[in-house]
Amino acid sequence: MAALTWFIFQVYRHGDRSPVKTYPTDVHQESAWPQGFGQLTQIGMRQHWDLGQALRARYKGFLNESYDRHEIYVRSTDVDRTLMSAEANLAGLYPPVGAEVFNPNISWQPIPVHTVPDSEERLLKFPILPCPKYLKLQEETRHSPEYVNKTRDSLDFLHMVANKTGLSDCSLESVWTVSDVLFCESRHNLSLPSWATRDVLERLRDLKDFSFRFLFGIIEQEQKARLQGGVLVDQILKNLTAAAHSNSAGLKLIAYSTHDTTLGALQMALDVYNGKQAPYASCHIFELHEESSGNFTVEMYFRNDSSQPPFPVTLPGCAHSCPLEKFQSLLDRVIAKDWEKECQLSGPDNNKEVIMGLVAIGCILFLLIILLLTKSPTSGYQHVSSLGEDQS
């Protein structure tokens, strides 16, 4: 008997966007982009509509032909380009049919995309901070032989880029922004500076890819994963387990609309990262299949080329079709049992600081009480404005 698709989990990157910022000497500043920096372009909208259509075709017969709010949940980071990508994706995945058409001139229907404020995002944006232990690991990475050698070998090149761009900070960790700007401009047929030769662009791409590895790998990849991508892995495993135990209340698909760093952190934690930045609208897929009654397997796929179907991705230590229990056990090593403790957010030093802070506050309150008791009473009534400082 063929395996039965039971549940799908997707993590995808937003579509084509304008640069998030540019460098001082760039002739194309923010006014060159219709919606400004960091915004989804019409190319990006089409990319995600195409992805939605491809997913519709892939899961025909599994997903309902028409939108059913019980079977899909979509969450996005609270960023314009990821929210809009999710909406474009859903437009391709669920074009309205029959009674869903509310306007014959619009082949679209509204479908909810959930999010949380950027300041509260602890699942889909990486690196997750504050995390003192992670910052210590990053400092150790800067002293690793690979990082030191890369810095030495790139020093003259980085100085050249800094001189041409007018950037005061041009390091292994920041030069990716230059690569990003030139990539975005070339895709949108904007002129590139004469110094941006093919060799320069290739070297910038290499340094950009190195910066992603710096974030989540090079040294202590497993420990970094426990503090970063493992957080997302843990959530994915919880959803796969809930679906296998039929605790998902009819839910068939969860999709997360995210960023290249999200996919980088996830794939580093899974130890399946190919060393390259995830392209626009790329999608990492987890499929839960029921092989026989109560026996489930997990298959992973990655779509990073719109002209090709998603290719299979295999978790190290298991077959491509990996039993759910083994899939979980193999990934247990990258899941923190107490994230705050492993990040060193809660420890003896932190507790000591809290105690000292409370003592200081207590002393201040005591002094205020003494002052109030010794101050002579004022006569008369004083009106306190309720308008607030902005309106006074």
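These are my notebook entries on a predicted model, taken feature by feature.

**Aromatic pairs**

I began with the rings and found ten aromatic pairs in the structure. I looked up phenylalanine 102 and tryptophan 108: their ring centres are 6.3 Å apart and the planes meet at 70°, so I noted the pair as edge-to-face. Tryptophan 108 has 36% relative accessibility and therefore goes down as partly exposed.

Next came tyrosine 147 and phenylalanine 214. Here the centres are 5.5 Å apart with the planes at 45°, so this pair is tilted. Tyrosine 147 belongs to helix H4 (residues 145-165) and phenylalanine 214 to helix H6 (residues 198-216), so the pair ties together parts 67 residues apart in sequence. Are the two residues buried or exposed? I have tyrosine 147 at 9% relative accessibility, which counts as buried, and phenylalanine 214 at 5%, also counted as buried. The cut-off I used for buried is under 20%.

I also wrote down one aromatic cluster formed by Phe9, Tyr256 and Phe286.

**Charges over rings**

Which ring does the charged end of arginine 58 sit over? I found the ring of tyrosine 301, with the charged end 4.6 Å from the ring centre. For lysine 252, the charged end sits over the ring of phenylalanine 62, at 5.1 Å from the centre.

**The cavity**

I then searched for enclosed space and counted one cavity of 30 Å³ or more. The largest cavity has a volume of about 30 Å³. Its lining is made up of Arg17, Trp176, Asp180, Lys208, Phe212, Asp260 and Gln277. Helix H5 (176-187) and helix H6 each supply at least two of the lining residues. How do the lining residues divide by type? My tally reads two nonpolar, one polar and four charged.

**The loop between S1 and H1**

I stopped at two residues in this loop. Histidine 28 lies between strand S1 (4-13) and helix H1 (42-58), and with a relative accessible area of 13% it is buried. A polar atom of the histidine 28 side chain lies 2.9 Å from the backbone oxygen of serine 191.

Proline 34 is in the loop between S1 and H1 too. At 80% relative accessibility, proline 34 counts as exposed. I checked proline 34 against serine 18: they are 16 residues apart in sequence and 9.0 Å apart in space, C-alpha to C-alpha.

**Cis peptide bonds**

Where do I find cis bonds ahead of proline 127 and proline 130? One is the peptide bond from phenylalanine 126 to proline 127, with omega near 0°. Another joins leucine 129 and proline 130, with omega about 5°. I placed proline 127 in the loop between helix H2 (80-93) and helix H3 (132-142), and proline 130 is in the loop between H2 and H3 as well.

**Positive phi outside glycine**

I closed with the backbone angles. Glutamate 220 has phi near 50°, a positive value in a residue other than glycine. Glutamate 220 is in the loop between H6 and helix H7 (221-227), and at 44% relative accessibility it is partly exposed.

Glutamine 344 has phi near 65°, again a positive value in a residue other than glycine. I placed glutamine 344 in the loop between helix H11 (339-342) and helix H12 (348-374). The relative accessible area of glutamine 344 is 31%, so I entered this residue as partly exposed.

Conventions: Residues numbered from 1 in each chain as written. Heavy atoms only, no water. Phe/Tyr/Trp six-rings, centres within 6.5 Å; stacked < 30°, edge-to-face > 60°. Buried < 20%, exposed > 50% of the residue type's maximum accessible area, 1.4 Å probe, protein only. Helix = DSSP H or I, 4+ residues; strand = E, 2+ residues; numbered from the N terminus. Lys NZ or Arg CZ within 6 Å of the ring centre and 35° of its normal. 1 Å grid on protein atoms, 1.4 Å probe; cavity = no way out; pocket = protein on both sides within 12 Å on 5 of 7 lines; lining within 4 Å. Points joined across faces, edges and corners; volume = space filled by probe spheres on them. Nonpolar A, V, L, I, M, F, W, Y, C, P; charged D, E, K, R; others polar. Polar contact = N/O pair within 3.5 Å; in protein donor to acceptor, adjacent residues only side chain to side chain.
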